Amino acid sequence: MTATHTGDAFGFPASGNPVDINGQDIMRIADGKITEIYHVEELLKLTHQISIGAQRT
């Protein structure tokens, strides 16, 4: 995902910083239906990118 931080997130006000993170979805399918989903994304990388130059309020 690539985006611009334009709203409050994780306690940080909008910074206008560009952000770029990766994620994966792993699904278990049984009888043609999704029975489990595991979602992983780089939240530490995201919070680092939105916090650069920002101060917590």
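Here is a short chat about a loop and a surface patch in this predicted model.

Biologist: What should I know about the numbering and the cut-offs?
Modeller: Residues are numbered from 1 along each chain as its sequence is written, and side-chain values use heavy atoms, with hydrogens and water left out. Since the model is predicted, local features need pLDDT of at least 70 and side-chain atom pairs count only at pLDDT 80 or more, while totals for chains, interfaces and linings use all residues.

Biologist: Is N17 buried or exposed?
Modeller: N17 is in the loop between β1 (2–4) and β2 (18–20), strands being DSSP runs of E, at least two residues, numbered from the N terminus. Buried means under 20% relative accessible area, exposed over 50% and partly exposed in between, with a 1.4 Å probe and protein chains only. N17 has 17% relative accessibility, so N17 counts as buried.

Biologist: Which residue offers its backbone oxygen to the side chain of N17?
Modeller: Contact means heavy atoms within 4.5 Å. Leaving out residues up to four places away in sequence, N17 touches A3, T4, H5, Q49, I50 and I52. A polar atom of the N17 side chain lies 3.0 Å from the backbone oxygen of I52.

Biologist: And S15, how far is its side chain from the backbone nitrogen of N17?
Modeller: S15 lies in the loop between β1 and β2 too, and at 29% relative accessibility S15 counts as partly exposed. From a polar atom of the S15 side chain to the backbone nitrogen of N17, the distance is 3.1 Å.

Biologist: How far apart in space are S15 and I26?
Modeller: In sequence, S15 and I26 are eleven residues apart. C-alpha to C-alpha, the distance is 32 Å.

Technical notes:
Helices (H or I, at least four residues) and strands (E, at least two) are DSSP runs, numbered from the N terminus. A polar contact is a pair of N or O atoms within 3.5 Å; within protein, one must be able to donate a hydrogen and the other to accept it, and residues adjacent in sequence count only if both atoms are side-chain atoms.
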